[in-house]
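Q: Please take a close look at one part of this structure and describe it for a reader who has not met it before. A formal, connected account would be welcome, moving from that part to its surroundings.

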Amino acid sequence: MYLIALAAAGGFLILLYLARGEDPGQEGPVFLKPFLKVSLHLYKKLCPRFPGLFSSSQVEKDLSGLHPGEPPEYLKTQYYVRKAALSMGIVLAGTLFGAAARYSAESEVLLGEDGTIPRGDIRDGVREIVLAAEYGKRQIDFRLQVEPQQLSPEETEALFDSLLEELPEYIRGENSSLQEVRTDLVLQERYGTFPVIWEWESSRPDLVGSSGYVMPVEQAQEVVLSVSLSYGDHTRNSQLKVTLLPPVYSEEELLYLELLRLLDRTQKESRGEETWQLPLGLQGEEIRWKQVVEDNSLLLWAGALGAAIAAYLFTDRDLHEKLEKRRKSLHREYPEIVHKLALFVGAGMTTRGAFQKIAGDYEAKLAAGGRASPAYEEMLYTCRELRSGVSEGRSYEHFGRRTGLQEYVRLSTLLMQNLKRGNSALLERLREEADKAWEEQLQQGRRMGEEAGTKLLVPMVMMLAVVMVMIMVPAFSAI
């Protein structure tokens, strides 16, 4: 892994040096800039030799649709350069992380080549290790705990002496010493990584609990803590004297307690009255009271501000969804419009008359409370253009351009050709277009049905599993 990481890092640095003069001209995170330079350099070198590697008709079509009017070659270059830069960055980062993981794994190896495992110092505690035994053609895995080296009796006694000497520092917590205890003590079963077990007992459990909890006292109290240390078969008992002192209150805390007692006294005195008169002064100084109520106005304002920002950010998405909904509606209504045009033209109407007839019927239906339709709205707009003096050919051209869909552009072109060339086969072309549109809509419905069936496959499998469990569990329970 180290060689792979070294080769990857070295190769990238060499490519970065070769691409030092490149200017990708793309915005993005700072850490991505070097990768963009290298990617652009490689693209310029590889694209002429391997054009198929950076070519996809669908990608080019999508890029043109997303960025109309921009040079296709520029869009293609920017897209593939950024795509390759992201991939390169992921690979290099993964390689470096892999090398770091390899180093971390090697640092945890305890087994030596001679088959020995160092136990380590007593302060290291118990360590877990996974071993694999290869015996013949079989391999057996073990998960074991490596205990530290056992201390001798003399070393154990020395360890007890050292721990008892440092014990006041372990247990005093936030207190300055054990002779001035005002807050809780730290009485634990273990301290650090030492494999020594501590057991505590207090002479006054009502004042100092076995877990170290200290009750407040009004005068100094002396408590004896008995402790038992055990390591293996070795034990030792010892005692410590601690002195509990009354809590030391700050000026603010004393004032709070004084006011609390004053409030409690005035409330008791006014229980038989309709109102409770709060104390108006203390030690010759006036007290001004005000009620603290929960005020969420700033929170509501912040929420409204966040909602406004979210609405601003998500407006573009909603606009795109509306556009997609409009396009779907236009697709869905196209076969019906072409069919109506073919029907009216076949009945002897002119193209303009058929167009106006369809738009007029829609306008009447709309006035009667019918549902609005994007396609018919565009036809109605085209009729208004015709009435305002716009030429018939230009109106049809505007109609196809406003919809932005290929089938409507095809229909507008067909109508314009009929005006310019006097195409006598217009009726036949309209009927062919209507049949083609109905067939495309039918195929689209089939595709949507297949997609819906695929999406329902996972829930159906989950429901089948639930049904099987409901059937099998009672059956096995009855056996």
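A: With a relative accessible area of 27%, R402 falls between the limits of 20% for buried and 50% for exposed, and therefore counts as partly exposed. The model is a predicted one, and every value given here is computed from it. R402 belongs to helix 10, which covers residues 392-403. Along the chain, R402 and E378 are 24 residues apart, yet their C-alpha atoms are separated by 7.7 Å.

Helix 10 also holds salt bridges of its own. The side chains of E397 and R401 meet in one of them, with an N to O distance of 2.7 Å. E397 and R401 are 4 residues apart in helix 10, so about one helical turn separates them. R401 has a relative accessibility of 57%, which is over the 50% limit, and R401 therefore counts as exposed. Beyond this pair, R402 itself takes part in a network: salt bridges that share partners join R402 with R326, E378 and E385.

E397 has a second partner in the same helix, for R394 also forms a salt bridge with E397, and both residues lie in helix 10. In this case the closest N and O atoms are 3.8 Å apart, which is within the 4 Å cut-off for a salt bridge. R394 and E397 are 3 residues apart, and so they too are separated by about one helical turn. R394 is partly exposed, at 45% relative accessibility. E397 is likewise partly exposed, with a value of 27%.

A comparable pairing is found in helix 7. There the side chains of K340 and E336 meet in a salt bridge, at 3.3 Å from N to O. K340 and E336 are 4 residues apart, about one turn of the helix. K340 has 25% relative accessibility and counts as partly exposed, while E336, with a relative accessible area of 34%, is partly exposed as well. In total, the structure holds 16 salt bridges.

Helix 7 leads on to the largest pocket. Helix 7, spanning residues 297-346, and helix 12, spanning residues 426-455, each supply at least two residues of the lining of this pocket. The largest share of the lining, 7 residues, comes from helix 12. The lining comprises 13 residues in all, and those nearest the centre of the pocket are H331, R332, E440, Q441 and Q444. By character, the lining residues divide into 5 charged, 4 polar and 4 nonpolar. The space within the largest pocket is about 480 Å³.

The surface offers a further feature, one made of nonpolar residues. L464, V467, M468, I471 and M472 make a nonpolar surface patch of about 450 Å². Of these residues, M468 lies in helix 13, which runs over residues 457-478. M468 has a relative accessibility of 42% and counts as partly exposed, because this value lies between 20% and 50%.

To return to the starting point, R402 is a partly exposed residue of helix 10, and R402 is joined through shared salt-bridge partners to R326, E378 and E385.

Key. Residues numbered from 1 in each chain as written. Predicted model: local features only at pLDDT ≥ 70, side-chain atom pairs only at ≥ 80, totals over all residues. Heavy atoms only, no water. 1 Å grid on protein atoms, 1.4 Å probe; cavity = no way out; pocket = protein on both sides within 12 Å on 5 of 7 lines; lining within 4 Å. Points joined across faces, edges and corners; volume = space filled by probe spheres on them. Nonpolar A, V, L, I, M, F, W, Y, C, P; charged D, E, K, R; others polar. Patch = residues over 30% accessible without salt bridge, like charges linked within 9 Å, V, L, I, M, F, W, Y side chains within 5 Å. Areas by Shrake-Rupley, 256 points an atom, 1.4 Å probe, with all protein chains shown as cover. Buried < 20%, exposed > 50% of the residue type's maximum accessible area, 1.4 Å probe, protein only.
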